[in-house]
Amino acid sequence: MDWGTDLWDQCDVIDKHTQSGLDLVERYVKFVKERTEIEQSYAKQLRNLTKKYTKRGSKEEQDCKFSNHASFQEILNELNDYAGQRELVAENMMTAICVGLTKYLQDFKQERKTYLSDARKAQQNLEASFKHLESTKKRFAKEWAEAEKAAQQAEKTENDLNATRLDVEKAKQHAHARTHSAEECRNDYAAQLQKYNKEQNFFYYTEIPQIFNKLQDVDERRIRRLAEGYCQFSDIEKNVLPIISKCLEGIHAAGGKINEKQDSILFIEQHKSGFERPGDVEFEDYTQGIKSAMSDSSLNPPKGRTKLWPFSKKHKISHAEKQMAAAAEDFSHLPPEQRKKRLHAKIDDITKELHKAQDQSDALEKMKGVYEKNPQMGDPSSLEPQITETAQNIGRLRGELVKYEAWLSEAVGGEDYSHTINNNSPYVNEAPDKNIYTDPDDEFEDIQSPVGQCTALYTFEGNSEGTISITEGELLSIMEEDKGDGWMRVLRASGEEGYIPSSYVKLTP
């Protein structure tokens, strides 16, 4: 079944039906646009909400060490990612559905307009042909009536006894002329009728069915494209569901990470003062004589009451006192336990900086050796300022380390600091001035795992000690990253290991 065969006489109905379909597409596009506006507004509100409740500042950072505070920050981060997915839904709906359907809608409108115009033109041509047929028919009828009238008049003249022979001949000639004219009109009418019937047959059986079938094709393509738009409305949402599920799982996992006991322990560690609880208040006997009391008080002044630390009312501290307390380098202004923690942290930081400086010094010495053996690679004297500066920095850091270790020893009551900080610093078991590269032959004795992969951009000939040769395009394993000296240690597939210039390779993700 098709429109051209079964709806050949329903042009107006087809016109209304196709227009209704296009109106539906426009309504759906408008609906999706409003949906995207809702999604964008929702995402914006979620982002503002997360921004409002995200903590900032040193106090908030201190609170985030507690698992319940940190989990809430993770929830805010996951919610922010969730908002991003809502924005993605809005963007994809606008691009895939609204923009796509609007483009197709314009094409459908233009095709529909063209086909309906062709149908109207065909109808007008058929109507014009019918009018011409009617005109030819009327002229034939008129001429035939005139011919009959002329024939009757000729017969009447011929039967009239008073008519002359000339009158009879004139009447017969006139009747014959009218009859001949009527015959010509009859032939024109027959020819026009045959032409009209042929045009009408072509109109109803060929032209109109073809136009209506094209309109049917346009409408069915519109329906199919609209159906795809309906499916996209769902698919776009489904595509982000895995990420949204991960966000929700992250929120759930954040709740599972909370450890109330650990938070309590951390709170205690942060605020434990280390002071002893106050002892009993001694009895002061006022029954003794005044002199005795006075002499006793002059020789042995009465002890003041021990400060009730947890419940004492704090006195107001001036701005200058605050600055002095904050600037106390040995943290003596802090309670004992807090002071030890701060000293531990400070020693850890200095130890890390010392190791970093020592690594930099060793790298510079190694580079200097490479330059001395291969002058074409660089001038060894150009490294002297950096080597001197690094040595001075190492000396300063060692001095600070000794100073803070002494303060820590004092804080723990004269014990060896290394026993106290053994569990807090990963560097205390290593000597600060340990030379990592004591012997070139022992540089790579320890088995290490690669820290990354890289690809050689150029060929490098490693002729000096400690370096290796590489070829362009070769895949290498990074054993030691560039520490600022322009060199990195790599491992070849053959098992050969050594240093190469960092600029000769690119990192492989």
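**Notebook: sheet, cores and two buried residues**

I began with the strands. Strand β1 (residues 452–456) and strand β2 (residues 475–480) run antiparallel and are joined by 4 bridges. I looked up one position in this pair: Cys-454 stands opposite Leu-476 in β2. I note here that the model is predicted.

Next I traced the whole sheet. It is open and has 5 strands, in the order β4-β3-β2-β1-β5. The pairing is antiparallel. Which are the edge strands? They are β4 (497–501) and β5 (505–508), each of which pairs on one side only. I also looked up the twist, which averages 45° from one strand to the next.

**Overall counts**

I listed the elements of the chain: 11 helices and 5 strands. The chain has 509 residues, and 30% of them count as buried. Then I turned to contacts with a separation of 6 or more. Of these, 73% are between residues 24 or more positions apart.

**Confidence**

I checked pLDDT before going further. The chain averages 82, and 83% of the residues score at least 70. Which element has the lowest mean pLDDT, and which the highest? Helix α11 (residues 417–420) has the lowest, at 44, and α2 has the highest, at 94.

I marked two stretches for caution. Over residues 320–327 the pLDDT stays under 50, and the model has 3 contacts for them beyond four places in sequence. Residues 416–446 also have a pLDDT below 50. For that stretch I noted 42 contacts in the model beyond near neighbours in sequence.

**Nonpolar cores**

I went to the largest nonpolar core, which has 39 residues. Ile-97, Phe-212 and Leu-215 have the most contacts inside this core. Which elements give two or more residues to it? I found α2 (11–53), α4 (67–159) and α5 (165–256). The largest share, 16 residues, comes from α4.

I followed Phe-212 outward, leaving aside its neighbours within four places in sequence. Phe-212 is in contact with Trp-3, Gly-4, Leu-7, Trp-8, Cys-11, Ile-14 and Ala-119.

Another core lies apart from the largest one. It has 19 residues, among them Leu-364, Met-367, Leu-383 and Met-488.

**Arg-112**

I picked out Arg-112, which lies in helix α4. Is this arginine buried or exposed? Arg-112 has a relative accessible area of 11%, so I logged it as buried; the cut-off for buried is under 20%.

I then looked for its polar partner. The side chains of Arg-112 and Asp-15 are joined by a polar contact of 2.3 Å. Asp-15 is also one of the residues in contact with Arg-112 once neighbours within four places in sequence are left aside. The others I wrote down are Thr-18, Gln-19, Leu-22 and Leu-215. I had already met Leu-215 among the residues with the most contacts inside the largest core.

**His-355**

My last entry is His-355, in helix α9 (residues 336–373). His-355 has a relative accessible area of 17%. That value is under the 20% cut-off, so His-355 is buried.

I took one distance from this histidine. His-355 and Leu-397 are 42 residues apart along the chain. Their C-alpha atoms are separated by 9.8 Å.

Technical notes. Residues numbered from 1 in each chain as written. Predicted model: local features only at pLDDT ≥ 70, side-chain atom pairs only at ≥ 80, totals over all residues. Heavy atoms only, no water. Core = buried A, V, L, I, M, F, W, Y, C linked by side-chain atoms within 4.5 Å. Buried < 20%, exposed > 50% of the residue type's maximum accessible area, 1.4 Å probe, protein only. Contact = heavy atoms within 4.5 Å. pLDDT = per-residue confidence, 0-100. Polar contact = N/O pair within 3.5 Å; in protein donor to acceptor, adjacent residues only side chain to side chain. Pairing = 2+ DSSP bridges. Axes fitted to C-alpha atoms, helices over the stretch in contact; angles between N-to-C directions.
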